[in-house]
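Visitor: I am new to this structure and should like to understand the terms used to describe it. Would you take me through them?

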Amino acid sequence: MDSKEIAYDVPMFFKVYKDGSIEKYRKHDYAPPSDNPITGVRSKDIVVLPENNVTVRLYLPKITQNDDQKFPLLVYFHGGGFVIESAFSTYYHSYLHSLAAEANVLIVSVEYRLAPEHKIPACYDDSWAAMKWVSQQANGEQGSEPWLKSHADFSRVFLSGDSAGANIAHNMMMRASVDEDKLGDGLKLVGMALVHPYFGNNEPDRIWSYCCPENPKTDDPRFNPAAHPSLLSKLVCSKILICTGGADFIRDRGWTYYESLKKCGWKGEVELKETEGEQHVFHLVKPTCERAKALMKWLADFFQQSS
């Protein structure tokens with residue numbers, strides 16, 4: 001029995017005690033950046049906003065042509081319900097190493113501050129800071145990161161994420177589409193791949209309502225974009241892939257987003273692919289199973305064919 005009294009509890013994610021302390025149900029491990037001698041993928045970390053410790057991990061595929069070989073650029077946001085996981089966990093480090101090799105894309109994986117210690121919109125603000133850093137590289141405004149300068153094709157930029165990371169990817173694309181704080185002309189946002197996206201429906205959500213005190217209602221456009229078709233229609237990218245799991249407890253959220261995109265007047269192409277019988281983020285838990293390999297191929301094909 002806990003010696004401290006619990007004030008708020010979200011099973012599987014976090015609990016808050018009456019003294020204000022927070023305990024996460026699952027803590028992530030740490031995998032350092034590394035080079036993979038089998039695939040040739042290399043990785044390294046860069047701090048892009050020191051005051052909030054916003055860091056990105058870059059994954060560079062094997063160079064097979066010339067010293068300035070260009071790859072599509074993928075900005076990736078990890079999942080975890082806004083409250084757990086990390087861009088540096090073994091789950092994501094291993095997965096993105098594999099994705100960089102399979103899809104032949106240069107990846108920028110974003111480490112953002114987690115709720116509820118850092119209430120929403122901290123995750124969005126940190127992710128936007130990473131987007132601004134990428135755009136500064138593309139526009140030649142701030143120094144030059146060697147991997148991006150030599151190997152990123154800024155005319156083929158994609159956003160992606162799983163679960164809450166898919167939510168963040170959507171919000172970064174939305175902000176790039178409507179915000180006056182533009183990313184500049186050097187960056188062309190081509191498409192977005194959302195895997196098992198964590199959006200709201202119209203039911204109360206215990207994570208969102210606690211972690212976003214500025215607007216705990218589930219009609220917030222950041223959480224429930226399908227409820228705001230006029231905003232959705234302004235998405236600047238031309239292609240979107242949505243991946244769902246047939247046994248995912250939030251499967252309906254991806255389908256609702258898909259249907260809303262088709263009806264809202266957005267001019268791009270949207271495709272939904274479902275993995276039958278699989279649960280939420282199964283591809284991270286069972287990365288070597290055949291269905292996880294099929295999901296990765298869907299993503300690889302999307303990034304290459306849309307380029």
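The conversation that follows takes up the sheets, a helix, the cores and several single residues in turn.

Guide: Please bear in mind from the outset that this is a predicted model.

Visitor: How do you know which strands stand at the edges of the eight-stranded sheet?

Guide: The order of this open sheet is S4-S5-S7-S6-S8-S9-S10-S11, with mixed pairing. Strand S4 (42-49) and strand S11 (269-275) each have a single partner strand, so one side of each is left without a neighbour in the sheet. That is why S4 and S11 are said to stand at the edges. On average, neighbouring strands of this sheet are turned by 20 degrees against each other, direction ignored.

Visitor: Which helices pack on this sheet?

Guide: One of them is H2, which touches S4, strand S5 (54-60), S6, strand S7 (106-111), S8 and S9. The direction of H2 makes about 165 degrees with that of S6. Helix H9 (residues 290-305) packs on the sheet as well, touching S6, S8, S9, strand S10 (239-245) and S11. Its direction makes about 175 degrees with that of S10.

Visitor: What makes strand S6 and strand S8 a pair?

Guide: Two strands pair if DSSP finds at least two bridges between them. Strand S6 (residues 71-77) and S8 share seven bridges, in the parallel sense, so the requirement of at least two is met. Within S8, Phe158 stands opposite Leu74. S8 also pairs with strand S9 (residues 189-195), in the parallel sense and over six bridges. There, Asp162 has Val195 in S9 as its bridge partner.

Visitor: Why is strand S8 called mostly covered?

Guide: Strand S8 spans residues 152-162, and 10 of its 11 residues are buried.

Visitor: Which strands form the other open sheet, and what is the sense of their pairing?

Guide: Three strands form it in the order S1-S2-S3, and the pairing is antiparallel. Strand S1 (6-10) and strand S3 (22-24) have a single partner strand each, so they stand at its edges. The twist averages 15 degrees from one strand to the next. Strand S2 (residues 14-17) is joined to S3 by three bridges, and the bridge partner of Lys15 in S3 is Glu23.

Visitor: How do you know that the length of helix H2 agrees with what is expected?

Guide: At 1.5 Å a residue, the 18 residues of H2 should span 26 Å. The end C-alpha atoms of H2 are 25 Å apart, which agrees with that span. H2 is also mostly covered, as 15 of its 18 residues are buried.

Visitor: Is Asp126 buried or exposed, and why is that word used?

Guide: Asp126 lies in helix H2 (residues 122-139). Buried means under 20% relative accessible area; the value for Asp126 is 1%, so Asp126 is buried. Beyond its neighbours within four places in sequence, Asp126 is in contact with Asn52, Val54, Tyr112 and Arg113.

Visitor: What follows helix H2, and is that residue buried or exposed?

Guide: H2 is followed by Gly140, whose phi is positive, near 65 degrees. Gly140 lies in the loop between H2 and helix H3 (146-151). The term exposed calls for over 50% relative accessible area; Gly140 has 58% and is therefore exposed. Gly140 and Gly186 are 46 residues apart in sequence, while their C-alpha atoms are 8.4 Å apart in space.

Visitor: What is recorded for Ser163, and why is Ser163 called buried?

Guide: UniProt, in an unreviewed entry, places the feature "active site" at Ser163. Such an annotation may be inferred rather than shown by experiment. Ser163 is found in the loop between S8 and helix H4 (164-178). Its relative accessible area is 7%, and since buried means under 20%, Ser163 is therefore buried. Leaving aside neighbours within four places in sequence, its contacts include Gly79, Gly80, Gly81, His196 and His280.

Visitor: Which residues have the most contacts inside the largest nonpolar core?

Guide: They are Phe82, Leu235 and Tyr257, in a core of 71 residues. Apart from this core lies another, of 28 residues, among them Leu99, Val105, Leu299 and Phe303. Beyond its neighbours within four places in sequence, Tyr257 is in contact with residues including His170, Met192, Phe199, Leu235 and Ile242.

Note on methods
Residues numbered from 1 in each chain as written. Predicted model: local features only at pLDDT ≥ 70, side-chain atom pairs only at ≥ 80, totals over all residues. Heavy atoms only, no water. Core = buried A, V, L, I, M, F, W, Y, C linked by side-chain atoms within 4.5 Å. Buried < 20%, exposed > 50% of the residue type's maximum accessible area, 1.4 Å probe, protein only. Contact = heavy atoms within 4.5 Å. Helix = DSSP H or I, 4+ residues; strand = E, 2+ residues; numbered from the N terminus. Expected span 1.5 Å × (residues − 1). Axes fitted to C-alpha atoms, helices over the stretch in contact; angles between N-to-C directions.
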